[in-house]
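Here's a small set of exercises on helix packing, a loop glycine and a ligand site. Have a go at each one before you read its solution.

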Amino acid sequence: MKTVFITGATQNTGLAIAKYFAIKGYQIAISSRSIENAEETAAELSKTYGIKAKGYALSLVDVKEIKETFEDIKKTFGGLDVFVGNSANLGVGQDILAVTEEEFDAVMDVNIKGNYFCCQQAALLMKEKKKGSIVLIGSVHYRGAVRGRGLYATSKGAIATMVRSLAYELAEYGIRVNQVVAGAIRTNRWDCLTEEEMATRRANWPLGIESTGEDIAKGVYYLASDDSGTVTGTDLTIDSGVLTCLLKYDGGSQAGDMYDYAKRN
Ligand SMILES: NC(=O)c1ccc[n+]([C@@H]2O[C@H](COP(=O)([O-])OP(=O)(O)OC[C@H]3O[C@@H](n4cnc5c(N)ncnc54)[C@H](OP(=O)(O)O)[C@@H]3O)[C@@H](O)[C@H]2O)c1
């Protein structure tokens, strides 16, 4: 039986990924900063899907804690087949002219250092099996800026670079490394939005509809499975088309002006 470890998997996208792998019969290790939430979610997964599951407390800022978690995964599950780096400090509302060292470290420690050392520990376990798949959850922000989220965008840029260099260096051990470049996912942060606010959001995206956690999970599962056996170092973008356009045509934007110019000439 195969084992997957997913970080930050007690809610939203991470939980949807855990459920998807559970349906496919995987043994599941999940983490959260809250041990209560991790254990409760693991028990629920185990009960619902009839699989072995265990929850870990992991803040991702402490390398010793990361190593201990992977040691326990080996002891509990006998090894690791798939690692999914889903946890992220979402770094919202950070003005570049006012960012402090503490704010910088809080984002980079989780998103870069945490993922890097998780990948290192996952690779050490996968090397024993001469096979494994690592999938990191990246973001459209690595390609495009949003005001106040520069630290988050910088960290997701590092994820993209990390994926390529790990993929290259770990290929000789049969370990593949890829990222899902996610954008426009529906989460519990949407719960407080009105229908009108949701419509405004959707209007910004070429496909006009958000992804669910399950949409992301299907992409992650493809990258984890043997169906992608020769795929490594790549990006699978699941973003409702966000990255396809420079400016969405709205009749009055700069893109609209160019469209009118093209028609006149
Ligand atoms: N939602 C989107 O539209 C979107 C778009 C692009 C990319 N993504 C990426 O998708 C992944 C999942 O995000 P999500 O939107 O589903 O949100 P989420 O559930 O809020 O974030 C994932 C998990 O990360 C953990 N986390 C949050 N802040 C943290 C911190 N400061 N330190 C350590 N862990 C922290 C939380 O787990 P615990 O509280 O249980 O520890 C959380 O459940 C992330 O990598 C995110 O960057 C999301």
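**Exercise 1. Work out how helix α3 and helix α4 are arranged, and what sits between them.**

Start with the axes: those of α3 (residues 63–77) and α4 (residues 101–129) come within 10 Å and cross at roughly 30°. Axes here are lines fitted to C-alpha atoms, for helices over the stretch in contact, with angles from 0 to 180 degrees between N-to-C directions. Helices are DSSP runs (H or I, at least four residues) and strands likewise (E, at least two), numbered from the N terminus.

Next, the class. Under 35 degrees counts as roughly parallel, over 145 as roughly antiparallel, 65 to 115 as roughly perpendicular and the rest as oblique. So α3 and α4 are roughly parallel to each other.

Then the hand: this crossing is right-handed, i.e. the near helix is turned clockwise from the far one by less than a right angle.

Last, the residues. Contact (heavy atoms within 4.5 Å) involves V63, I66, K67, F70, I73 and K74 on the α3 side, and K113, G114, F117, C118, Q120, Q121, A122, L125 and E128 on the α4 side. That splits into eight nonpolar, three polar and four charged residues. For this sorting, Ala, Val, Leu, Ile, Met, Phe, Trp, Tyr, Cys and Pro are nonpolar, Asp, Glu, Lys and Arg are charged, and the others, Gly among them, are polar.

A word on the model: it's predicted, so local features need pLDDT of at least 70 and side-chain atom pairs pLDDT 80 or more, while totals for chains, interfaces and linings use all residues. Numbering runs from 1 along each chain as its sequence is written, and side-chain values use heavy atoms, with hydrogens and water left out.

**Exercise 2. Do the same for α1 against α7, then α1 against α2.**

Take α7 (residues 213–224) first: α1 packs on it at about 55°, axes 8 Å apart. That makes the pair oblique, and the crossing is right-handed. From α1 come T13, A16, I17, Y20 and F21, meeting α7 residues that include I216, V220 and Y221. The tally is nine nonpolar, two polar and two charged.

Now α2 (residues 35–49): its axis and that of α1 (residues 12–23) come within 10 Å and cross at roughly 30°. That makes α1 roughly parallel to α2. This crossing is right-handed too. L15, A18, K19, A22 and I23 of α1 touch T41, L45 and Y49 of α2; by class, six are nonpolar, one is polar and one is charged.

**Exercise 3. Place G8 and find its contacts.**

G8 is in the loop between β1 (3–6) and α1. Skipping neighbours within four places in sequence, G8 touches G14, S31, N86 and S87. As for S34, it is 26 residues away in sequence and 9.6 Å away in space, C-alpha to C-alpha.

**Exercise 4. Which residues come nearest to the ligand?**

Of the 25 residues around the ligand (a heavy atom within 4 Å), T13, S32, R33, Y152 and R189 come nearest. For polar contacts (N or O pairs within 3.5 Å), begin with Y152: a side-chain N or O atom is 2.5 Å from a ligand oxygen. For K156, again through the side chain, the distance is 3.0 Å. With I185, a polar backbone atom is 3.0 Å from a ligand oxygen.

Conventions. Polar contact = N/O pair within 3.5 Å; in protein donor to acceptor, adjacent residues only side chain to side chain.
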